Amino acid sequence: MKLYEYTAHQLHTMLTEKKVSARELAESTLQRVRNLDENIKGYVTVTAEQALAQAKAVDEKIARGEEIAPLAGIPMAIKDNICTTGIKTTCSSKILANFVPPYDATVMQKLQAADGVLIGKTNLDEFAMGSSTENSAFFTTSNPWDLERVPGGSSGGSAAVVAADEAVWALGSDTGGSIRQPAAYCGVVGLKPTYGRVSRYGLIAYASSLDQIGPLTKDVTDCAFVLKAISGHDPKDSTSVNSAAPDYTKALVNDVKGLRIGVPREFFVAGMDEEVRAAVMAGIEALVRQGAVAEEVSLPHTDYAMPAYYVIAPAEASSNLARYDGVSYGYRGEGDDIVAMYKRTRTEGFGAEVKRRILLGTYALSSGYYDAYYLKALKVRTLVKQDYDRAFEKYDVLITPTAPSAAFKIGEKSADPIELYLQDVCTIPINLAGIPGISLPCGYTRSGLPIGMQIIGQAFSEETLLRVAYTFEQNTDFRRKPSLKGV
Amino acid sequence: MAMPPARLVVLLVQSTLHGHFSSGIIIFIMVKYVLLRKVKRMKLTREDVLNVALLSRLEIRDDEIENVTRQFNDIMQHVDRLNQVNTENVRPTAHALPVCNVLRPDVRQTSLPREKAMANAPLAEDGFFRVPKIVEG
Amino acid sequence: MKYEIVIGLEVHAELKTNSKIFCGCSTHFGAEQNTNVCPVCLGLPGSLPVLNQRAVEFAIRAGLALNCEIAEFSKFDRKNYYYPDLPKDYQISQYDLPVCKNGYLDIEVNGETKRIGITRIHLEEDAGKLVHPQTITTSNYAYVDYNRTGVPLVEIVSEPDIRTPEEARAYLTKLRSILEYCDVSDCKMEEGSLRCDANISLRPAGADYFGTKAELKNMNSFKAVQKGLEYEAMRQEDVLADGGAIRQETRTWDEARGVTLSMRSKEQAHDYRYFPDPDLVPLLISREQVEEVRTSLPELPDARKDRLVEQDGLSSYDAEVITASRAVADYYDAVKKLVDDPKTIANWIMGDMMKQLNTRGLSITASPVTPVHLAEMIQLLNKGTISGKIAKNVFEEMFVSGKKPAEIVKEQGLVQISDESAIIAIVEQVIAANPQSVADFRAGKEKAIGFLVGQVMKQSKGRANPEMVNKLLKERL
C-alpha cells in the first residue's frame with residue numbers, strides 16, 4: 001500500500017511509532033497530486049512549499065519526543081472558500097481570482113494549531129453555488145470514478161482529491177448539500193454538522209443562515225477526528241454555539257441495537273434512480289440486521305423545502321455578495337464613474353449561476369415582494385423544521401439517499417438550472433432545519449459508481465450519526481478505491 | 001390551493017353537472033381563483049428583470065435578456081409552489097437555532113497594519129482606496 | 001395664505017465606546033487613514049460581526065434619558081445599497097424592531113415649554129469617509145478611508161412635532177445636552193460625532209395633513225440647521241405662493257451662499273431590501289437590565305435645573321445656562337461644595353469663565369482655573385481681602401498662570417486696603433490736589449465725588465476698600 005492511501009488515524013499511529021515521517025507523507029501525497037491532478041483537476045492552488053515546511057515542523061516535534069495531535073503531519077486539502085493567510089482564496093471566481101486573505105478562518109487556526117499539513121486549496125462551484133463544480137470559473141473537476149462525470153458540488157474538488165488519494169482528508173462547506181452530495185458521488189464520507197457547531201468565521205459566505213463547514217474523509221473514524229478538531233465555540237461567530245464540543249472519537253462504537261430509524265417516504269419518490277433506492281434500502285436492512293428498528297415516516301413539507309431554499313439562499317447571497325464591488329479588494333472592471341465601475345466589475349467578475357442567484361435573491365427581497373417570497377419562505381422553513389422536530393420525537397435517526405442518482409456526466413445537466421437544482425432535493429431540507437447529516441457509501445451502480453446514504457439526526461446529535469455510520473461501515477464492505485477510469 | 005387550475009375547473013364543472021353546486025357559487029369560486037392566480041402567477045417582464053439587475057449592479061445584454069427573463073420565470077414558477085402551503089399563524093425562522101444575546105465586551109483589539117489591509121486593493125493612493133468619481137445610482 | 005412649518009429631525013450620534021460596534025478596532029477620531037481597520041470592518045470575505053455590549057447599553061441609556069420604551073426583543077437588519085463608503089454594500093442597522101421607541105424631550109422656547117416626540121432610537125454602524133480632491137461633482141475620482149466604518153451610532157428620529165427653525169435648534173441643543181449628560185456621545189458636530197438631517201414641509205395653518213417634504217442635509221452646526229430650515233421654509237413658501245408644488249427631494253445646505261440646493265439625484269427610488277442579518281442573533285433585553293441602566297443614569301438637565309432654581313435660588317435663566325452642559329454643571333456643583341454662594345458662582349462661571357474659555361476655545365474641563373481656585377477666590381472676595389475689581393484681575397491671572405488666588409494676591413500685593421489711616425492719607429492727598437472738584441462738590445455737584453473716589457482708587461492701585469473711601473471722603477468734604 002502506498003503512503004497516500006492510508007487513512008488519517010492509521011497514519012497517526014505510523015507517525016507516532018516513527019514508521020514514517022511527516023515529510024515522506026507530504027512528499028508522497030504531493031507526488032500523487034503531480035501525477036494525477038491534471039486529470040482530476042481538484043486543486044485550484046497547490047501549496048507544496050508550505051506543506052513541506054509544516055511537515056518538517058511536525059517531524060521535529062516527534063524527534064523531540066513531543067506528543068502530536070491526531071491530525072498532525074497528515075496531508076489535508078481545504079475548499080477554496082475558506083480563508084487562508086497569505087494563500088490565495090478564490091471561491092473559484094474570477095472576482096476573487098487574486099485575493100490573498102490577510103487572516104485565517106477559525107478552522108484554519110485550529111488546524112494549524114493541530115499541525116495539519118496543507119496540500120492545497122480545492123475547486124468548487126463559484127461561491128459554492130452548484131452541484132457539479134461546472135460553475136467554477138476556472139475548470140470542472142472530474143470524478144475519480146469516471147473522469148467524464150462530475151464529482152458533485154459544490155465541494156467537488158475536496159471530495160475528488162480525497163477519493164483520488166490526493167489528500168488524506170479535506171474540508172468542504174455545505175449550504176444545501178455541498179459536502180454530502182459530492183461525498184456520495186465520489187464514494188467518501190462527508191458530514192454537515194449542526195448549524196453553529198463549527199465556526200463560520202473565515203468561510204466566505206454564500207447563505208449565512210445555512211452554511212456550515214464540515215469534513216470529507218476516507219472513513220467514519222477520520223470523520224470523527226476531523227470534526228473533533230474543527231468544532232467548538234468561536235467568539236468571532238455570533239451564530240457559533242456556546243458549548244464545548246464532545247470527543248467525537250468516543251462515539252465510534254459498533255452498536256446500533258435498539259436504534260430507531262425513520263425512513264421518510266417523501267425522499268423515495270419521483271425522479272429517484274432505482275439503483276439508488278435499492279442500495280439505500282439494503283443499507284437500512286444492514287443496520288436492522290445489527291439490531292436497529294426501521295419504519296416509514298412522513299415529513300409532509302419536504303416538497304416545499306426546495307422552493308423555500310431557492311428564495312432564502314439567493315436572498316442572503318444577493319446581500320453577501322454585494323461587497324464584491326471592485327473598491328477595496330478583488331477584480332475591478334473599467335468604468336468612468338462609480339456605478340459604471342460597479343456594474344462592469346460584477347458583470348465581468350461573476351459567472352452565470354452566481355448572477356442568476358443574485359438576481360433571484362434581489363427580487364425576493366425587493367419592495368412589494370418581500371412578504372410573498374422571503375417572509376413566506378421563512379415560514380415554510382419553520383414548517384420544514386417542525387417536520388423534523390416531530391420525527392425526532394420518535395426516531396433517533398432518519399435515513400435517506402444523499403442524492404437522487406449517482407454522478408452524472410459533465411455537461412449533462414448544465415443547460416437547465418432547475419434540473420441541476422434537483423440534485424440537492426434530499427440534502428436541502430437538512431440545512432433549512434439546521435440539523436446534522438452524514439453521507440457515506442452504501443453501494444455501487446452497475447456501472448460502478450458509488451451511491452451515498454444520508455443519515456440525519458436532531459441538532460447536536462453528531463455522536464449518534466457517527467455511531468450509526470461507524471457501525472454500518474464496520475459491518476459492510478462499501479469502502480473502495482476509485483477505478484480512476486479515464487486516467 | 002394545491003390543485004392545478006385545469007383540474008380544479010374540471011372538478012367544478014363535474015360537480016355542477018352532478019348538481020353539487022349552484023351556478024352562482026361556482027362562478028364565484030372560479031372568479032376568485034382566477035383573481036388569486038393573477039396575483040400569484042404574475043410573470044416578470046424584461047423591465048422587471050432589468051430593474052432587479054440595476055439594483056444588483058449587474059448588466060444584462062440585449063441578446064441575453066430574453067433568455068434570462070425566461071429562466072427567471074421558470075425558477076419563480078417553482079418557487080410559487082410555496083403558495084400551496086398554508087402559513088397562517090406560522091412564525092418565520094430566520095435562524096436555524098434559537099440563540100440570542102451574543103455580545104462581546106467593549107475591548108480594543110489590534111487592527112490590521114495598513115499595508116495588509118490594502119494589499120488586495122485594485123487601486124490605492126496615499127493610504128486611501130481610490131475609486132472613480134461618485135455619481136448617484 | 002398663512003403656512004405652518006412642520007419639521008422632523010433625524011440625528012445620528014456616535015457612541016463613545018472604546019471599540020467599534022461589531023469588531024475590536026479603535027473608534028478614536030483623527031487616526032491616519034485606513035489604520036483603524038480589520039477584516040470585519042473592511043467587510044473582507046468570510047469575516048463576521050459580533051455585537052459590542054457597551055453599544056447596546058449606551059443605546060438603552062440614551063433611550064431611558066429620552067423617556068423611551070425599551071424593546072424586550074430587538075434585532076439587526078441589513079440595509080442594502082451600493083456606495084463606496086460602505087465596504088459590504090449593506091449597512092447593519094435596525095428596521096422594524098429598534099432598541100427604543102416612543103420617547104420625548106421637552107424644550108423651552110420663548111419661556112414656554114414644549115414636548116417633542118421621539119419616534120425611535122436604533123443602533124447601526126457608521127460608514128467610512130469619502131475624500132474628494134475637489135468637490136463631489138467636479139472630482140474625477142475619490143479617496144476612501146474606512147477608519148470610521150463600524151463606529152457605533154444611534155439614530156434618533158423625532159416626531160414631526162417641531163414647528164419653527166428656532167424650535168429645531170432648541171431640540172438639538174437639548175438633545176445634545178441629554179446625550180452628553182448620560183455620557184454616551186461626545187456630540188461634536190465638527191468631528192462628525194453628531195450629525196443632523198431635517199425633514200421640512202409646509203401646510204396651511206391649522207391643516208391636519210402633511211405637505212410634501214424636502215430632506216435637508218449637510219448642516220454642520222446647530223446654527224446652520226436653524227439657518228438652513230429658515231431658508232428652506234422661505235423657499236417652500238415662495239414656491240407655494242406662486243402656485244407651484246414642492247418636490248420630494250434631498251437638498252443640501254450651502255453654508256457659504258446661505259441657500260439650499262437640490263441634490264439632483266436621479267429619481268430612482270431606493271429599495272433598501274431590509275432583511276434580518278443572518279450573521280447576528282436577536283437581542284433580548286431583560287427588564288432587570290433596563291432597571292440597572294436606569295439606576296445608573298445621572299441627574300438629567302431638567303432635574304438639575306430644577307434643583308438649581310429650587311435649592312440654590314438661581315434664576316431660571318441662570319440655571320438653564322449652567323445646566324446646558326453637564327461639564328459646566330459639574331463645575332458649578334464642585335465650586336458650590338466649597339463655598340455656598342450660588343449666585344456669585346453662577347455669575348463668575350457665566351461671565352469671566354465663559355469669556356476666557358470662548359476666547360481660547362477651551363472646554364470647562366480644560367480650564368486652568370480649577371473649582372478649588374475659583375472657590376478660594378470667591379472666599380477672598382467675600383472676606384473683603386480683595387475687591388471685586390481686583391478679583392477680575394486675579395481671575396485672569398489664574399487663568400493664564402494656573403496659580404492659586406492667594407498666591408497671586410500675595411505676590412502682586414493686591415490685598416485690599418481697609419486700614420483707615422492708610423486710606424485717610426491718600427484721601428487727604430487727593431483733596432489737596434483737586435481743589436476744583438472739591439469746590440464743585442461743595443457747591444452741590446454730587447457727581448464730583450465720583451471723580452475724587454476714582455482718584456483715590458487710582459492712587460491705591462485699586463486696592464483701597466471702595467466703601468471706606470466713599471465714607472472717608474464724605475467726612476472730609
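# From paired strands to chain contacts

In β11(C), the bridge partner of Glu124(C) is Leu153(C), and this one pair is a convenient place to enter the structure, which is a predicted model. The pair belongs to a longer run, since β8(C) and strand β11 (residues 152-158) of chain C are joined by seven bridges and pair in the antiparallel sense. Strand β8 of chain C, which covers residues 112-125, also has another partner, namely strand β7 (residues 100-109) of chain C, to which nine bridges join it, again with the strands running antiparallel. Within that second pairing, Ile107(C) stands opposite Lys114(C) in β8(C). The strands β7(C) and β8(C) form a hairpin with two residues between them, and in this hairpin Asn110(C) takes a positive phi near 50°.

Chain A offers a sheet to follow strand by strand. It is an open sheet of 11 strands with mixed pairing, and the order across it is β1-β3-β2-β4-β6-β5-β10-β11-β9-β7-β8 (chain A). At its edges stand β1 (43-46) and β8 (293-297) of chain A, each of which pairs on one side only. From one strand to its neighbour the direction turns by 30° on average, if the sense of the strands is ignored. Inside the sheet, strand β4 (residues 169-174) of chain A runs antiparallel to strand β6 (residues 212-217) of chain A, and six bridges join the two; in one part of this pairing, Ser173(A) has Ile213(A) in β6(A) as its bridge partner. A helix also packs on this sheet: α8 (residues 274-289) of chain A touches β7 (260-264), β8, β9 (397-401), β10 (437-444) and β11 (450-456) of chain A, and the direction of this helix makes about 55° with that of β11(A).

Two loops hold backbone features that can be found in the model. In chain A, the peptide bond from Gly153(A) to Ser154(A) is cis, with omega near 10°, and Ser154(A) is found in the loop between β3 (117-122) and α5 (156-163) of that chain. In chain B, Asn89(B) has a positive phi of about 60° although this residue is not a glycine, and Asn89(B) lies in the loop between α4 (62-79) and β1 (103-104) of chain B.

We can now turn to the places where the chains meet, beginning with chains A and B. Their contact takes 62 residues from chain A and 50 residues from chain B, and together the two chains bury about 5000 Å², with 69% of that area on carbon and sulfur atoms. On the side of chain A, Leu359(A), Tyr363(A) and Lys376(A) supply 12% of the area buried against chain B, more than any other three residues. One salt bridge is found across this interface, and in this salt bridge the side chains of Glu59(B) and Arg344(A) meet at 2.5 Å, N to O. There are also 18 residue pairs in polar contact between chain A and chain B. Several helices of chain A take part, for α9 (302-320), α10 (338-349), α11 (352-365), α12 (370-394) and α13 (417-421) each supply at least two residues of the side that touches chain B, and α12(A) gives the most, with 11 residues. Sorted by class, the residues on this side of chain A divide into 35 nonpolar, 14 polar and 13 charged.

The contact between chain A and chain C can be read in the same order. It takes 38 residues from chain A and 30 residues from chain C, and the two chains bury about 2700 Å² between them, with 57% of it on carbon and sulfur atoms. Here Ser238(A), Ser319(A) and Arg323(A) supply 22% of the area that chain A buries against chain C, more than any other three residues. The count of salt bridges between these chains is one, and the side chains that meet in it are those of Asp279(C) and Arg200(A), at 3.1 Å, N to O. Chain A and chain C have 15 residue pairs in polar contact. The helices α9, α10, α11 and α12 of chain A each supply at least two residues of the side that touches chain C, and α9(A) gives the most to that side, with four residues. By class, this side of chain A has 20 nonpolar, 11 polar and seven charged residues.

Methods: Residues are numbered from 1 along each chain as its sequence is written. Chains are lettered from A and ligands numbered from 1 in the order in which they are written. This is a predicted model: local features need pLDDT of at least 70, side-chain atom pairs count only at pLDDT 80 or more; totals for chains, interfaces and linings use all residues. Side-chain values use heavy atoms; hydrogens and water are left out. Contact means heavy atoms within 4.5 Å. Buried area is the accessible area (1.4 Å probe) that two parts lose on being put together, summed over both. A salt bridge is a side-chain nitrogen of Lys or Arg within 4 Å of a carboxyl oxygen of Asp or Glu. A polar contact is a pair of N or O atoms within 3.5 Å; within protein, one must be able to donate a hydrogen and the other to accept it, and residues adjacent in sequence count only if both atoms are side-chain atoms. Ala, Val, Leu, Ile, Met, Phe, Trp, Tyr, Cys and Pro count as nonpolar, Asp, Glu, Lys and Arg as charged, and the others, Gly among them, as polar. Two strands pair if DSSP finds at least two bridges between them. Axes are lines fitted to C-alpha atoms, for helices over the stretch in contact, and angles run from 0 to 180 degrees between N-to-C directions.
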